[in-house]
Amino acid sequence: MKTLQTTFFLFVFVPLVNSAPPIQQESLQFYDYDTDVTLGSLIQQDYEMQSKDIRKDARNVSLDTSLRLQGDDSERNVPPTKDTNLPTCLLCVCLSGSVYCEEIDIEAVPPLPKETAYLYARFNKIKRIAVSDFADITTLRRIDFSGNRIEEIEDGAFSKLLLLEELSLAENRLIKLPVLPPKLTTFNANQNRIKSRGIKANAFKKLTNLAYLYLGHNALESVPLNLPESLRILHLQYNNITTITDDTFCKSNNTRYIRTQMDEIRMEGNPIVLAKHVNAFSCLRTLPVGTYY
């Protein structure tokens with residue numbers, strides 16, 4: 001009987017003892033799972049650190065980009081330099097026969113397109129006008145060189161400009177006048193350094209269309225001779241005029257002569273006393289503006 005009990009005990013419990021390893025395996029698996037969690041935690045920490053680095057780098061990139069953009073803005077705010085070597089119609093504005101070259105610091109007359117009729121080159125640094133500047137541009141009707149530094153104009157510089165009607169050389173440094181084209185209606189040489197010897201005796205005689213003549217603020221000692229009959233406005237204010245003759249405006253040998261076109265003569269700012277030369281104005285419809293006492 002004892003033998004039977006012993007056999008039964010061995011038969012039942014020995015298998016139970018042998019089944020213990022699965023529990024150990026489950027424990028091992030749990031450990032492996034815990035190891036996986038630990039590795040996952042490390043990966044998560046590494047990811048967070050990388051994320052921080054990325055965000056930091058992003059801030060740096062953003063800052064660097066901002067600086068670059070600011071640098072770009074500062075570069076855009078820098079005024080463009082004036083390249084006076086550009087072709088005329090890039091340096092200036094060319095529009096329907098007009099060329100506008102104002103305030104661009106050019107020092108010479110630029111080559112003009114064919115058929116140019118109007119040239120505006122005010123407030124530059126032009127010092128000299130040469131014959132070659134207009135040799136091939138015979139279509140010009142108006143030229144404005146006001147506010148330059150012109151000291152010299154070559155003889156014949158305007159000789160081929162047979163259509164030129166308006167010419168302004170105001171606010172320059174001229175001491176004498178060039179030969180003027182025949183169809184001028186307006187000539188402005190205010191604010192130069194012109195003396196009477198710088199104007200030839202017949203400088204205006206053949207200008208039969210000249211209506212407006214501006215020679216104020218110069219150094220003239222006398223009124224120019226042989227003024228054309230077409231003249232309507234004559235400005236001679238603030239010169240150094242000290243003398244006038246009976247033939248300056250009128251004709252001493254013709255008491256019936258009247259200057260019908262003359263509307264205005266300005267002579268204020270000159271040292272002459274006009275009241276001493278009454279006969280010089282006998283042919284005028286209105287007396288000159290100036291000092292009479």
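**Exercise 1. Find how many disulfides the whole structure holds, and which cysteines each one joins.**

Solution. Searching the whole structure gives three disulfides, a disulfide being a pair of cysteine sulfur atoms within 2.5 Å. The model is predicted: local features need pLDDT of at least 70, side-chain atom pairs count only at pLDDT 80 or more, and totals for chains, interfaces and linings use all residues. Residues are numbered from 1 along each chain as its sequence is written, and side-chain values use heavy atoms, with hydrogens and water left out.

Step 1. Cysteine 89 is bonded to cysteine 94, S to S 2.0 Å.
Step 2. Cysteine 92 is bonded to cysteine 101, S to S 2.0 Å.
Step 3. Cysteine 250 is bonded to cysteine 283, S to S 2.0 Å. This pair links distant parts of the chain, 33 residues apart: cysteine 250 lies in the loop between β10 and β11, cysteine 283 in the segment after β11.
Step 4. With bonded cysteines counted along the chain, the pattern reads 1-3, 2-4, 5-6.

**Exercise 2. Assign the handedness of each disulfide and the burial of its cysteines.**

Solution. Buried means under 20% relative accessible area, exposed over 50%, and partly exposed in between (1.4 Å probe, protein chains only).

Step 1. The link of cysteine 89 and cysteine 94 has -95 degrees about the S-S bond and is left-handed. Cysteine 89, at 40%, is partly exposed; cysteine 94, at 29%, is partly exposed.
Step 2. For cysteine 92 and cysteine 101 the S-S torsion is about 110 degrees, so this disulfide is right-handed. Cysteine 92 is buried at 5%, and cysteine 101 is buried at 1%.
Step 3. For cysteine 250 and cysteine 283 the torsion is about -85 degrees, so the bond is left-handed. Both of these cysteines are buried.

**Exercise 3. Give the strand order of the open sheet of nine strands and identify its edges.**

Solution. Strands (E, at least two residues) are DSSP runs numbered from the N terminus, and two strands pair if DSSP finds at least two bridges between them.

Step 1. The order is β1-β2-β3-β5-β7-β8-β9-β10-β11, with mixed pairing.
Step 2. β1 (93-95) and β11 (264-266) are the edges: each has a single partner strand, so one side of each lacks a neighbour in the sheet.
Step 3. β10 (residues 233-235) pairs with β11 in the parallel sense over three bridges. Histidine 235 has arginine 266 in β11 as its bridge partner.

**Exercise 4. Is serine 98 buried or exposed, and what does it contact?**

Solution.
Step 1. Serine 98 lies in strand β2 (residues 98-100).
Step 2. Its relative accessibility is 9%, so serine 98 counts as buried.
Step 3. Apart from neighbours within four places in sequence, serine 98 is in contact (heavy atoms within 4.5 Å) with Val93 and Tyr118.

Terms used: Helix = DSSP H or I, 4+ residues; strand = E, 2+ residues; numbered from the N terminus.
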